[in-house]
Structure formats: structure tokens, C-alpha cells
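Work through the exercises below with the sequence and the model open side by side. Each task is followed by a worked solution.

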There are 2 protein chains.
Amino acid sequence: MAINISKFDVQCADCPIRHRAVCSKCEVDELASLEDMKFYRTFEAGQTIAWAGDNLTFVASVVHGVATLGQTLEDGRTQMLGLLLPSDFIGRPWRKTSAYDVCAITDVTLCCFRRKPFEDMLIRTPHIGERLLEMTMDELDAAREWMLILGRKTAREKIASLLTIIVHREQAPDVPRANAPVTIDLPLTREAMSDYLGLTLETVSRQISALKREGIILLEGKRRVVVPDIARLLAQTGSDAISHL
Amino acid sequence: MAINISKFDVQCADCPIRHRAVCSKCEVDELASLEDMKFYRTFEAGQTIAWAGDNLTFVASVVHGVATLGQTLEDGRTQMLGLLLPSDFIGRPWRKTSAYDVCAITDVTLCCFRRKPFEDMLIRTPHIGERLLEMTMDELDAAREWMLILGRKTAREKIASLLTIIVHREQAPDVPRANAPVTIDLPLTREAMSDYLGLTLETVSRQISALKREGIILLEGKRRVVVPDIARLLAQTGSDAISHL
DNA sequence: CGACATCTTGACTACAGTCAATACTAGTGG
DNA sequence: CCACTAGTATTGACTGTAGTCAAGATGTCG
């Protein structure tokens with residue numbers, strides 16, 4: 001597992017996730033402390049960042065790229081537990097090992113902090129803890145929304161829900177414009193979608209074909225989806241309101 | 001919805017959840033502030049504490065009893081998202097409405113704080129925020145464990161997992177004794193179990209009957225379960241390690 | 001005892017899983 | 001440039017698990 005340590009010396013002030021990551025509430029002096037501690041790591045698409053149970057000596061923010069959080073049963077069944085996008089946080093303070101598998105699905109850059117110094121900083125710097133609390137609560141809401149999808153929705157509803165969630169994330173939520181067509185690039189293979197939704201990849205494929213056949217979505221290539229009318233897609237999700245991640 | 005405001009004036013020092021709840025890290029002076037703010041509320045078994053979308057003017061700790069966190073699709077399908085046991089926290093600071101249905105399944109006593117003063121206190125008192133962060137992270141881990149159960153396990157594995165989790169909670173985790181028989185009282189009806197596991201109540205009933213037929217569990221009445229050999233039950237869960245809630 | 005909740009069991013159905021063949025796409029090397 | 005391969009996606013035929021509908025059993029409380 002080759003790990004590239006790339007020290008760009010990106011200034012926090014210029015950081016693309018400065019205003020959303022765990023550091024977003026920090027004052028200039030606090031940011032300076034973090035700046036001293038931080039180091040970058042990059043992972044290639046497909047690389048595993050950590051296996052469940054691995055020692056994790058750092059915590060980190062995703063700067064670029066997409067990673068997944070997942071868990072595996074001994075017979076190989078896997079369930080994806082979350083998508084990690086830029087500004088999302090990896091690791092848990094005061095816990096030595098990773099509870100989940102973390103995999104880079106695109107090339108990923110992490111802004112890392114060794115765990116112990118970060119924990120000390122967390123105690124000394126309430127702004128970090130406050131932001132981490134907010135982010136953790138958002139994750140919890142997202143996880144609970146997924147529980148409803150996993151436990152109670154049909155295959156078709158699951159696919160529609162996933163697409164809806166991705167639409168809401170890609171298109172910044174500021175403009176809730178009526179029914180202009182929306183194009184999304186799926187960052188996921190059919191198999192990754194199936195791991196996310198608790199389905200098989202064949203079922204995912206069939207449901208996507210069905211939605212296409214009915215004109216609810218259009219495909220441009222395999223990974224690019226056009227939604228001509230979001231309302232029609234929403235009607236397939238089984239619930240009117242889908243929120244975040 | 002009759003709400004009883006019972007002002008026992010229980011001293012925090014004597015509180016049964018003093019050392020596990022959101023206040024557990026507080027110093028005496030901090031505790032005194034909380035003591036000034038708090039008020040008790042009780043709900044009868046079966047009562048709804050809040051519906052999803054309701055205005056929630058308070059946050060609270062569960063002192064006595066068991067409540068559930070759930071979500072409902074418009075056609076009536078419901079998914080339980082968590083069990084709230086004594087010391088668990090209800091509500092989310094800085095959010096005005098409840099994101100979920102909260103129902104008392106036994107008589108419940110809550111230690112409540114009006115939201116706004118609690119938010120102010122949270123900023124002034126890092127000890128509270130630290131504890132709330134810990135608790136939220138635990139909830140997140142529990143929710144993610146459930147995602148795996150909901151998404152990837154068979155009906156039989158789901159039932160075995162639920163029983164295992166309840167065993168681990170009832171029996172304090174201190175004694176990991178080998179294979180002494182364990183008795184548990186289910187706080188849940190078959191329907192509640194089905195809502196938890198994303199199954200129908202008929203399937204729950206059938207699987208429990210099957211486990212009984214095979215001698216993996218014994219029933220004393222409908223709600224009391226004896227597990228003669230935990231290892232055999234664990235072997236039915238599909239995963240070797242089940243952690244918490 | 002009767003009324004109502006809850007639970008169990010059976011017969012049948014349907015949705016999604018499994019296994020397998022085929023198609024599409026992109027990348028590699030002759 | 002084309003042939004070959006490997007990874008990804010689609011589709012079909014069949015199976016099996018859990019859902020649905022319904023009857024009856026058990027249990028609890030007035």
C-alpha cells in the first residue's frame with residue numbers, strides 16, 4: 001500500500017474546504033496551530049485508505065475526491081455506510097482503530113492530523129469541537145435517512161432516492177428551480193450503487209433500465225444521467241422530501 | 001396530548017443517569033446551572049412525545065423508561081431508527097423541529113431543558129459539548145451498524161442480531177462469561193421488532209418460532225426469551241462481533 | 001365471560017436474488 | 001489499425017425469501 005506524502009504547503013486560507021470542514025469555525029490563531037500540525041496524503045482511485053479494525057494514527061478531512069465508508073460481513077456481503085466528499089471528516093477522536101473500511105473511489109487528497117495532537121487541540125479549542133459536533137449530527141441524520149431507505153423501500157424507490165440525493169448535492173440547493181432538466185455524473189459503478197442500496201448489481205441495472213424505458217431518466221453513456229423532470233423522479237422515491245447526503 | 005409536568009426536584013447529585021447522560025462531565029458549578037434550567041416531563045406508555053416535523057422547544061435526557069425514534073413514509077410504512085434508553089439524548093441543538101417521530105413505549109420520564117438556554121450553555125460549557133459529541137458519535141456507530149443489518153442480512157440473521165444486541169445491553173458487558181444461559185425480557189412487541197428490522201411482523205414471528213424449534217432460544221411466555229448458549233445465537237447473526245445498541 | 005391486543009401458522013404471491021449468456025467500453029500491445 | 005482482454009453493464013430464465021392475506025390461537029383486562 002504505497003502512500004504518497006505530498007507536502008504542497010497549501011495555505012489554509014486558500015484551502016477549498018476552508019469554510020465547510022472541521023476547521024471552519026476556527027479563528028486565525030487557531031488555524032495557525034492546525035496549519036502546523038497538518039500534513040497531506042494522497043490515495044489513488046481504488047486504493048484502500050483503511051480496513052475496518054486497522055490502527056488509524058490520524059484523523060483527516062477530505063480535500064479532493066470521493067471515498068466510501070463501508071463494512072463487510074465475513075462471507076463477503078458488503079454495505080456502504082456513507083460517501084465521503086470534500087470537507088467530510090475521517091476517523092474518530094479517542095478511538096485507535098477504524099470501525100469501517102475506507103476506500104478511495106477517485107483519487108483522493110486528505111488533510112491529516114496525527115490523532116493525539118488533534119485530540120489535545122480538540123479539548124483546547126471549542127470551535128473545532130462545535131463544528132465536529134455539527135458535522136457528526138449531520139452524518140447521523142444522513143445515516144438515519146439511509147436506514148429508512150434500506151429497511152422499507154422497494155428497489156425502484158431505492159434507486160430513485162439515490163438519484164434524488166445525488167441531484168440535490170450536485171445542484172447547490174440554493175436554486176430550487178421548478179423542472180429544468182438536470183444532468184448528473186454518477187461517481188459510482190452499478191456495483192457501488194448496489195452496495196449502497198442493499199441490492200444486487202443486476203437489480204440496480206434492471207431498475208435503471210426501467211426508469212429509462214419510462215422516460216423518467218435518460219442515459220448518456222453509462223454514468224451520465226439526465227433527469228428531465230425532477231418531480232417525476234421524486235414521485236418514484238416513496239417519500240416527498242429527501243434531504244441530504 | 002396531555003403532558004404531565006412533574007416537578008420532583010430530584011437533585012442532580014442523586015440522578016440515576018448522572019454519570020452517563022449529557023451532563024456527566026460537568027463540574028459542580030456547571031451542574032448547578034443545569035439544575036436551575038431543568039424540568040421534568042413524563043409520558044405514558046404509548047404516548048407520542050413528538051411527531052416528525054413538530055416544533056420541539058426543548059432537548060432532553062431520558063431518565064426512566066424506553067422510547068423509540070422512528071420515521072414514517074406517507075403510505076404508512078415505518079422504520080425504527082433507534083431505541084432511547086435512560087441517559088440517551090433527545091433533540092438536536094440549533095434545530096427547531098424534530099426530524100423523527102419519538103414515541104414512549106413504556107412510561108417515560110424526561111429531564112428537559114428549553115432549547116435556547118441549553119444552546120447558550122452548550123457554548124459556554126465545553127464539558128457538555130464534549131459529552132454530547134461522544135454520545136452522538138456512539139449513536140452514529142450504532143446507526144451504521146443497523147445499516148449493515150438492514151441492507152445485507154437475512155430475516156433470520158436480523159432476528160439473531162437483534163437478540164444478541166439486547167443480550168449485550170441487558171447483561172452488563174463486564175462479564176463476558178462463556179455460555180451460561182441468559183434470560184432477556186423483550187421491551188418490544190413483534191410489530192416493534194419488525195419496524196426495527198425492516199421486516200413484517202409475520203416474518204418476525206416465523207423466524208422466532210424457527211429459532212425456538214431448533215433450540216437456539218426458548219420462550220417463556222411471548223416476551224421472555226432464554227438463550228441457553230450465546231455462541232449458538234451468535235453463529236446465526238452472520239457476523240461474529242456485534243457491539244452496542 | 002367476552003372483548004381486544006398480540007401472536008402464530010398456513011397458503012399463495014411477488015419482488016429481488018442467483019446463475020448465466022451476451023453486449024458494451026476502454027485500454028494494451030502486436 | 002485491429003485484435004484481444006478485462007472490467008462493466010444489460011438482459012433472460014429460474015429460484016427462493018420474505019410479503020400479503022386470512023384464519024385461528026393465545027393472552028390480558030375489564
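**Exercise 1.** Decide whether B:Ser87 is buried or exposed, and describe its backbone.

Solution. Count the other C-beta atoms within 10 Å of that of B:Ser87: there are 20, so the residue is buried. The cut-offs are 20 or more such atoms for buried, 12 or fewer for exposed, and partly exposed in between, with C-beta atoms placed from the backbone. Next, locate B:Ser87: it sits in the loop between β5 (78–84) and β6 (89–90) of chain B. Helices (H or I, at least four residues) and strands (E, at least two) are DSSP runs, numbered from the N terminus. Last, read the backbone angle: B:Ser87 is not a glycine, yet its phi is positive, about 90°.

Repeat this for A:Ser87. Its phi is also positive, about 90°, without its being a glycine. A:Ser87 belongs to the loop between β5 and β6 (89–90) of chain A. With 20 other C-beta atoms within 10 Å, A:Ser87 is buried.

The model is predicted: local features need pLDDT of at least 70 and side-chain atom pairs count only at pLDDT 80 or more, while totals for chains, interfaces and linings use all residues. Residues are numbered from 1 along each chain as its sequence is written, and chains are lettered from A and ligands numbered from 1 in the order in which they are written.

**Exercise 2.** Find the order of the strands in the sheet that contains β6(B), and the helix that packs on that sheet.

Solution. The sheet is open and has four strands of chain B, in the order β1-β8-β3-β6, with antiparallel pairing. Strands pair if DSSP finds at least two bridges between them. At the edges are β1 (39–43) and β6 of chain B, each pairing on one side only. Strand β3 (residues 58–64) of chain B is joined to β6(B) by two bridges, in the antiparallel sense. One bridge partner to check is B:Ile90 in β6(B), which belongs to B:Ala60. Then add the helix: α2 (residues 115–124) of chain B packs on the sheet, touching β3 and β8 (108–114) of chain B, and its direction makes about 70° with that of β8(B). Contact requires C-beta atoms, placed from the backbone, within 7 Å. Axes are lines fitted to C-alpha atoms, for helices over the stretch in contact, and angles run from 0 to 180 degrees between N-to-C directions.

**Exercise 3.** Do the same for the open sheet of three strands in chain B, and explain why one side of each edge strand has no neighbour.

Solution. The order is β9-β11-β10 (chain B), and the pairing is antiparallel. β9 (182–185) and β10 (218–220) of chain B are the edges; each has a single partner strand, so one side of each is left without a neighbour in the sheet. From one strand to the next the twist averages 25°. Four bridges link β9(B) with β11 (residues 224–227) of chain B in the antiparallel sense. Within this pair, B:Thr183 is opposite B:Val226 of β11(B). Helix α4 (residues 155–170) of chain B packs on this sheet, touching β9 and β11 of chain B, at about 100° to the direction of β9(B).

**Exercise 4.** Determine how many residues of α5(B) are buried, and what they pack against.

Solution. Six of the eight residues of α5(B) are buried, so the helix is mostly covered. They are B:Ala192, B:Met193, B:Ser194, B:Asp195, B:Tyr196 and B:Leu197. These pack against β4 (67–72), β5, α4 and α6 of chain B. Just after α5(B) comes B:Gly198, with a positive phi of about 70°.

**Exercise 5.** Work out which residues come nearest to DNA strand C and which element gives the most to the surface there.

Solution. There are 17 residues around DNA strand C, and the nearest are A:Thr154, A:Thr203, B:Thr189, B:Ser205 and B:Ser209. A residue is near a strand if its C-beta atom, placed from the backbone, lies within 6 Å of it. With six residues, α6(B) gives the most to this surface.

Key: Contact = placed C-beta atoms within 7 Å.
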